Amino acid sequence: MRTGHFREKPGQLIALSDSRTVWGWTLALLVALALAPLVISAYGLTLMVAALIAVVGAIALNILTGQTGLISLGQAGFLSVGAYANGILLADYHVPVWITIPAGGAAASLVSLLVGVPSLRLKGLYLAITTLAFAFIVNHVILYAEPVTHGPNGLFVNGARLFGFNVQKGPPLYYLALAMALATLFATLNLSRTRIGRAWMAIRDHDIAARAMGIDLVRYKLLAFVISSFFVGIAGALMSLQLRFINVDVFALNLSIEAIASIIFGGLGSVAGATLGAVFLSFLPEALRLSFAALPFGGADLLGNNVYEIRGIAYGVIIVLVLRFKPDGLIGMWRDARKYWSQWPLAY
Amino acid sequence: MRTLLASCAALLLVSGAARAADPGVTDTEVEVGDVNIMTGPAAFVGKGFSLGSKIAAAEINAAGGINGRKLVVITEDDGYIPSRSFQALTKLIEVDHIFALNGTSGTANVMAMMPLITDNNLPTVVTEAPASLVYNPVRPSVFTFGANYADAFYAQLKYIHDHGAKDGAWGIIRQDDDFGKEVEQGFDRASKEFGAKMGPALRFKKGTSNFSAELAQMKEAGVTVLANGGIFAGAANILAEARKLDMDIQSAGVWSEGIPASARLSAPAGYDFMVADYVSLVGPANDKFKAMAKQFVSDDELANISRYTYVSYIGLKTLAHAMSLCGKDLTRACTIEKLRGLKDFDTGGLSAPVSFDNPRQLSGTAVGVYQYDVKAKAFKALTGFQQY
């Protein structure tokens, strides 16, 4: 029998979920995602791919910031390392894509050690500034290492084929991004229930207490950087596959800000929250565009060029309102709704 | 009988194929896309550009459209972010089914859109960021209108040299990207050719706003001719810093400084700075354009006409001209062929005539040099359009 609070077997304590309903809905979602290319337009699929890449990036950042408490503004830097490693290997050395994508992750992981080491002595805003500086350094290296990175001219990323399919557009790219997002999601969910995950949470909650309990701060902080950056590098590699052109402008600071916004908006520390936040913020501009286009009596035409600014303001206002009234983010809203549903008519 | 039926079926198929128009063309409309910077700090560029498309479309439609079809421009905002340009063009192609593309935002943005442009064989006229990356290598459906930054800077420095450069060194301050690289190429060419005494060659990151250290170096080196590679507020800050140090300089700038908003930012420094441009900034052609535009846009919009309005207008007029040459059976292939054969298309004096009948499919490479008169708060033409 399943209860709300009690577990009958030890295995239930570490299961992802012991609810058949949850597994049933998860399966239904997976089937829907698998069938999406059959019903969604090419544009819809492009947005879905962008959202899936954002999910990979947000879950990765959640490992570092949400689970370990290390604030990073260097996401754009790690993304560009992954993207350039993937792009250079594919375009210049014609390495198969099944090697270049993990290589993108590995390159970002390796580079993350450079930032990870100072993080052992820094935290909070000091670490945020350090990671931000790292992103600038990466930017400079890309611009000046012209023989390798093609410098300011950027790089066209072509020739990615997997099982005979061109995985740079359409359904093949979608399935690749979906597979990567699912792999990242399950890897992170599993990690968070292991000794490593619990050590990260202990460090986040109180690093001195964690050390007193025997947690090796050096090891676990570096591990958080390396694993998080690996997934961010994968996201960068996927980004380069979708865009097919990369240069430093593609990896601007706003990407780091958007990644932070995703995990806060979704619910800091929660893998599901990071996923929800990334999906929501990826589709919000499109939802706003469609809403404004549907304004009655030609409202959008009346607004003229101001419609773009108003949409931008609406984007910000929605984020502010959600965080003001639901500081736990989307995942908090979801938990409230679930409680309300299961406990109705009792007060929640 | 079977042969007859097969022949009829084949004929139907062939005629059907012949009538099947490319996306974006109906019996009554032709849709052209425009991806632009409509939000963010550089929004005035996109808004100026969008205005040009609006004026061109209105003028063309008032004259009967393109062989009876109304020209419709659909604008999408990219906020100057390359990944959003990619998404915006995907939307224009997949949802709006545009026939051709006129607005292409910045250099990195157009490069991010390039795979989609080539995949869809989309007739595209690039007028906003005519960097050499766009036409090197040549893409069959892409036509570039505009000079490169190297020529623009060379033209200004040549003018300064020919008309008496002040004694002292020449210095350059430029962004550390593809755009800055082109600026430096023009500076290098001019300084070598004219045997200038070389001052500092400094680079900065896009978005930098404090140039006190850089300008102090320039002052220390005795720079009197400055190639100012900053754009918008950056260029204004460089000049403001030079004024703070009381430097006596002749300044050459980027064509983005030729728009009223930029000039207003730079004016307080008090330098009669120069710009070079491939479209006319002042003169009878501009007056005529504004008089024509008056009937299609509001007074507020009229006041916002800038060089970006002219380049967009020229781009769409060129595209529309090529489309009209295709007659009723409008296809992308035909439009590209007509663009490729375009020779001396008159822009009413807003630029040198447009010709794409060259291997690079590149036109508008001639530039004119202009100088901002701080007292009169207006630009004056120093040279006509010339090839450099």
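# Exercises on a two-chain model

A:R244 lies in the loop between helix 11 and strand 4 (245–246) of chain A. Helices (H or I, at least four residues) and strands (E, at least two) are DSSP runs, numbered from the N terminus. The model is predicted: local features need pLDDT of at least 70, side-chain atom pairs count only at pLDDT 80 or more, and totals for chains, interfaces and linings use all residues. Residues are numbered from 1 along each chain as its sequence is written, while chains are lettered from A and ligands numbered from 1 in the order in which they are written.

## Exercise 1: Two loop residues with unusual phi

Determine the sign of phi at A:R244 and at B:D246, then decide whether A:R244 is buried or exposed and whether B:D246 is buried or exposed.

Solution. Start with the background: most residues other than glycine have a negative phi, and most peptide bonds are trans. A:R244 departs from this, with a positive phi near 65 degrees. B:D246 is not a glycine either, and its phi is positive at about 60 degrees.

Next, place the second residue. B:D246 sits in the loop between helix 9 (233–244) and strand 9 of chain B.

Now count neighbours. A residue is buried if 20 or more other C-beta atoms lie within 10 Å of its own, exposed if 12 or fewer, and partly exposed in between, with C-beta atoms placed from the backbone. A:R244 has 24 such neighbours, so it is buried. B:D246 has 7, so it is exposed.

## Exercise 2: A cis peptide

Find the residues joined by a cis peptide bond in chain B, and give omega.

Solution. The bond joins B:N136 and B:P137. Its omega is about 10 degrees. B:P137 falls in the loop between helix 5 (132–135) and strand 5 (142–145) of chain B.

## Exercise 3: Two helices, two settings

Check the length of helix 2 of chain A and of helix 13 of chain B, then work out how far helix 2 of chain A and helix 13 of chain B are covered.

Solution. The expected span is 1.5 Å times one less than the number of residues. Helix 2 of chain A (residues 20–39) has 20 residues, so 28 Å is expected; its end C-alpha atoms are 28 Å apart, which agrees. Helix 13 of chain B (residues 307–325) has 19 residues, so 27 Å is expected, and its ends are 27 Å apart.

Look for bends. The bend at a residue is the angle between axes fitted to the seven residues ending there and the seven starting there. Helix 2 of chain A has a kink of about 30 degrees at A:L33, shortly before the proline A:P37.

Then check burial. Helix 2 of chain A is hardly covered, with zero buried residues among its 20. In helix 13 of chain B, 16 of the 19 residues are buried, so the rest of the structure largely encloses it. Just after that helix, B:G327 takes a positive phi of about 70 degrees.

## Exercise 4: Around strand 8 of chain B

Identify the partners of strand 8 of chain B and the sense of each pairing.

Solution. Two strands pair if DSSP finds at least two bridges between them. Strand 6 (residues 169–175) of chain B pairs with strand 8 in the parallel sense, over six bridges. Here B:I172 stands opposite B:A227. Strand 9 (residues 250–253) of chain B also runs parallel to strand 8, with three bridges. In this pairing B:V225 faces B:Q250.

Finish with burial. Seven of the seven residues of strand 8 (residues 223–229) are buried, so the strand is largely enclosed by the rest of the structure.

## Exercise 5: Global form

Test chain A and chain B against the globule rule.

Solution. The radius of gyration is taken over C-alpha atoms, and the rule is 2.2 Å times the number of residues to the power 0.38. Chain A has 348 residues; its 21 Å is close to the 20 Å from the rule, so it is as compact as a globular protein of that length. Chain B, with 388 residues, has 23 Å where a compact globule would have a value near 21 Å, which agrees.

Add the extents. The C-alpha trace spans about 65 × 65 × 40 Å along the principal axes of chain A. For chain B the figures are about 95 × 40 × 35 Å. Buried residues make up 43% of chain A and 56% of chain B.

## Exercise 6: The interface

Which element of chain B gives the largest share of the side that touches chain A?

Solution. Two residues are in contact if their C-beta atoms, placed from the backbone, lie within 7 Å. By this test, 24 residues of chain B contact 23 residues of chain A. Helix 2 (43–62), helix 3 (82–94), helix 4 (107–119) and helix 7 (178–193) of chain B each give two or more residues to this side. Helix 3 gives the largest share, seven residues.
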